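Subject: The structure you asked for

Hi,

Here is the structure, with my notes on it underneath. Have it open while you read, and look up each residue as you go.

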Amino acid sequence: MKPPRVEQWRKRAFVERALAEDLGRGDLFARIAPERTAKARIVAKSEGIFAGREYIEVFETLFDLRLDWEVADGDSFAPGETLLRLEGAADDLLSVERTLLDLALHASGIATLTARYVEKLAPYDCVLLDTRKTRPGLRELEKYAVRCGGGRNHRMGLDDCLMLKDTHLETIDDLEAFMREVRRQIPFTAKVEIECESLDAARRAMEAGADIVMCDNMPPEEIEAVVRHRDAHHPHVLLEASGNVTLETIEAIAATGVDAISSGSIVHQARWPDLSMRIEP
């Protein structure tokens, strides 16, 4: 799998903010630590899918460190495996330890859970999407971690796709007239997605010109009816299912024939694996 890429300046800015949060005005230990070089390893104590390498590589440009990787983003790891070897000033290694590990742990937790969902979808022509249910300030990192786990990103924000949710629809009196104005106002390449909670709502959304219809919290039998209607009358429309998606329910949803399933839980329910840094004697 080709590693997901994030712009270098964005990664550097993120890492610098994370370091500033932990280092403050400077690591007190570094004031008094003797000058010496040291070697360290990042070791796995549980299994998972690794993510975070793109961001951790920034540390090599901010400190006098050398990183020798044993894994790439998206690789699996098992207990006892060495993921990364580091060498540099001992005080630098100790100063960055927590920030570096937190990045790897948070990203790898998301990648690991995402990969479990993606594995469930393997028999189906259906992709797994994330959502905008991300932690403030961490969206780019968390969506990058989803990609490392084999998932796909839904919209990054309100500016790259117009999605009309139930709250939006409550403010619109004439959907067809609104959609005509939408096409005049938004960029030519931007898609429009409409959230629907019933077959009737999905029919109206397709007739109004939606590019994507989200089947929100519909039971599988109703999603199947939406798929049949799409196939017969609006084959160009993409169908997404969302709501109450779990590892136990995702296959039944995929079997309906939707093009994508979105889940916020791959981010907000992800658990950190167990990774630690060890200084070599």
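Cys196 sits in strand β8, which runs over residues 192-196. (Helices and strands here are DSSP runs, numbered from the N terminus: H or I with at least four residues for a helix, E with at least two for a strand.) With a relative accessible area of 2%, Cys196 is buried. Buried means under 20% relative accessible area, exposed means over 50%, and partly exposed is in between, using a 1.4 Å probe and protein chains only. Leaving out residues up to four places away in sequence, Cys196 touches Ala201, Ala202, Ala205, Val213, Met214, Cys215, Asp216 and Met218; a contact means heavy atoms within 4.5 Å. Gly150 is another story: 46 residues separate Cys196 from Gly150 in sequence, and their C-alpha atoms are 27 Å apart.

Before you go on, please keep in mind that this is a predicted model, where local features need pLDDT of at least 70 and side-chain atom pairs count only at pLDDT 80 or more, while totals for chains, interfaces and linings use all residues. Residues are numbered from 1 along each chain as its sequence is written, and side-chain values use heavy atoms, with hydrogens and water left out.

Now for the cysteines. How many disulfides are there? The count comes to zero, where a disulfide is a pair of cysteine sulfur atoms within 2.5 Å. Cys215 is in no disulfide, as the nearest cysteine sulfur, in Cys196, is 7.1 Å away. Why does Cys161 have no bond to Cys196? The sulfur of Cys196 is the closest cysteine sulfur to that of Cys161, but it is 13 Å away, so it is too far for a bond. Both are tucked away from the surface by the rule above: Cys161 counts as buried at 10% relative accessibility, and Cys215 is buried at 1%.

Just past strand β8 comes Glu197, in the loop between β8 and α9 (199-208). Its C-alpha is 5.1 Å from that of Asp216, although the two residues are 19 apart along the chain. Apart from neighbours within four places in sequence, Glu197 is in contact with Asp166, Asp216, Met218 and Glu222.

Next, have a look at helix α5 (residues 90-120), where you will find His106. Is His106 buried or exposed? It is buried, with a relative accessible area of 11%. Its side chain makes a polar contact of 2.8 Å with the side chain of Glu142. (A polar contact is a pair of N or O atoms within 3.5 Å; within protein, one must be able to donate a hydrogen and the other to accept it, and residues adjacent in sequence count only if both atoms are side-chain atoms.) Not counting residues up to four places away, His106 also touches others, including Arg135, Leu138 and Trp272.

Thr99 is in helix α5 too, and Thr99 is buried at 7%. Ala18, Leu19, Asp22 and Phe59 are what Thr99 touches, again leaving out residues up to four places away in sequence.

Finally, the whole chain. It has 12 helices and 12 strands, and its C-alpha trace spans about 70 × 40 × 25 Å along the principal axes. Of its 281 residues, 48% count as buried. Among contacts between residues at least 6 apart in sequence, 71% join residues at least 24 apart.

Have fun exploring!
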